[in-house]
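Work through the exercises below with the sequence and the coordinates open. Each task is followed by its solution, step by step.

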Amino acid sequence: MVKEKPNSTRTYDEEGFRRRAACLCVRDDHQKEILLVTSSRAGDRWIVPGGGLEPNEDPSSAAIRETIEEAGVKGVIRRCLGTFENSERKHRTSVFVMHVTEELEEWEDSQSRKRNWFSIEEALKLLAIHKPVQTTYVKLLVKNDSLLSSS
């Protein structure tokens, strides 16, 4: 059963795309692992935590809020990877890199979602099955890190 969050209002940009925000959660500056959560719609599908922006909410605040709600982690936003368009679902998602500083024992979705740390390779395989657009985020994270470490 899919539960709608109370007071959940979808926001759209000027072109009619739903505005969303998400966080790629990492534990350290080496970013060898990222945190994924199970989908609320299908408990066997792993996804990047994220969701819709509330009215008058900026993307980074939405990303932090959604990550706390869905994954039960808090941290510091390191940077914005960019905004990614999913034409099929008519979404535009601002994606941020969050350095996780705290993992909560209980959180809003803890009864309906699991969270787990995965290597970059494992995460890419899991996301490719059901969320191929989200593999783009992870690949960009890895690409940016290799560019940073080689300079």
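**Exercise 1. Give the order of helices and strands along the chain.**

Step 1. From the N terminus, the elements follow the pattern β-β-β-β-α-β-β-β-α-α. Helices (H or I, at least four residues) and strands (E, at least two) are DSSP runs, numbered from the N terminus.

Step 2. The count is three helices and seven strands.

Step 3. Note the basis: this is a predicted model, in which local features need pLDDT of at least 70 and side-chain atom pairs count only at pLDDT 80 or more, while totals for chains, interfaces and linings use all residues. Residues are numbered from 1 along each chain as its sequence is written, and side-chain values use heavy atoms, with hydrogens and water left out.

**Exercise 2. Describe how β5 and β6 are joined.**

Step 1. The strands β5 and β6 run antiparallel and share 12 bridges; two strands pair if DSSP finds at least two bridges between them.

Step 2. One of the bridges links Val-73 to Glu-103 in β6.

Step 3. Four residues separate the two strands of this hairpin, and Lys-90 in the turn has a positive phi of about 60°.

**Exercise 3. Locate the largest nonpolar core and the elements that contribute to it.**

Step 1. A nonpolar core is a set of buried Ala, Val, Leu, Ile, Met, Phe, Trp, Tyr and Cys residues joined through side-chain atoms within 4.5 Å. Buried means under 20% relative accessible area, exposed over 50%, and partly exposed in between (1.4 Å probe, protein chains only).

Step 2. The largest core has 18 residues; those that touch the most other members are Leu-24, Ile-34, Leu-36, Val-48, Leu-81, Val-95 and Leu-141.

Step 3. Two or more residues each come from β1 (18-26), β2 (33-38), β5 (73-86), β6 (91-103), α2 (120-130) and α3 (132-150).

Step 4. Apart from this core lies another, of 15 residues, including Leu-35, Val-37, Ala-62 and Met-98.

Step 5. Beyond its neighbours within four places in sequence, Leu-36 has contacts (heavy atoms within 4.5 Å) that include Trp-46, Val-48, Phe-118 and Leu-127.

Step 6. For the chain of 151 residues, the buried share is 46%.

**Exercise 4. Which aromatic pairs does the structure hold, and how are their rings oriented?**

Step 1. The search of the whole structure gives two aromatic pairs. Rings of Phe, Tyr and Trp (its six-membered ring) pair if their centres lie within 6.5 Å; planes under 30 degrees apart count as stacked, over 60 as edge-to-face and the rest as tilted.

Step 2. Trp-46 and Phe-118 are edge-to-face, with 5.0 Å centre to centre and 70° between the planes. Trp-46 belongs to β3 (residues 46-47) and Phe-118 to β7 (residues 115-119), so this pair ties together parts 72 residues apart in sequence. Both Trp-46 and Phe-118 are buried.

Step 3. Phe-84 and Tyr-137 have ring centres 4.9 Å apart and planes at 50°, so this pair is tilted. Because Phe-84 is in strand β5 and Tyr-137 in helix α3, the pair ties together parts 53 residues apart in sequence. Phe-84 and Tyr-137 are both buried.

**Exercise 5. Why is Cys-23 not bonded to Cys-25?**

Step 1. A disulfide is a pair of cysteine sulfur atoms within 2.5 Å.

Step 2. The closest cysteine sulfur to that of Cys-23 is in Cys-25, at 5.3 Å, which is too far for a bond. Cys-23 is buried, at 0% relative accessible area.

Step 3. Cys-80 is in no disulfide either, as its nearest cysteine sulfur, that of Cys-23, is 9.8 Å away. Cys-80 is partly exposed, at 42% relative accessibility.

Step 4. Over the whole structure, the search finds zero disulfides.
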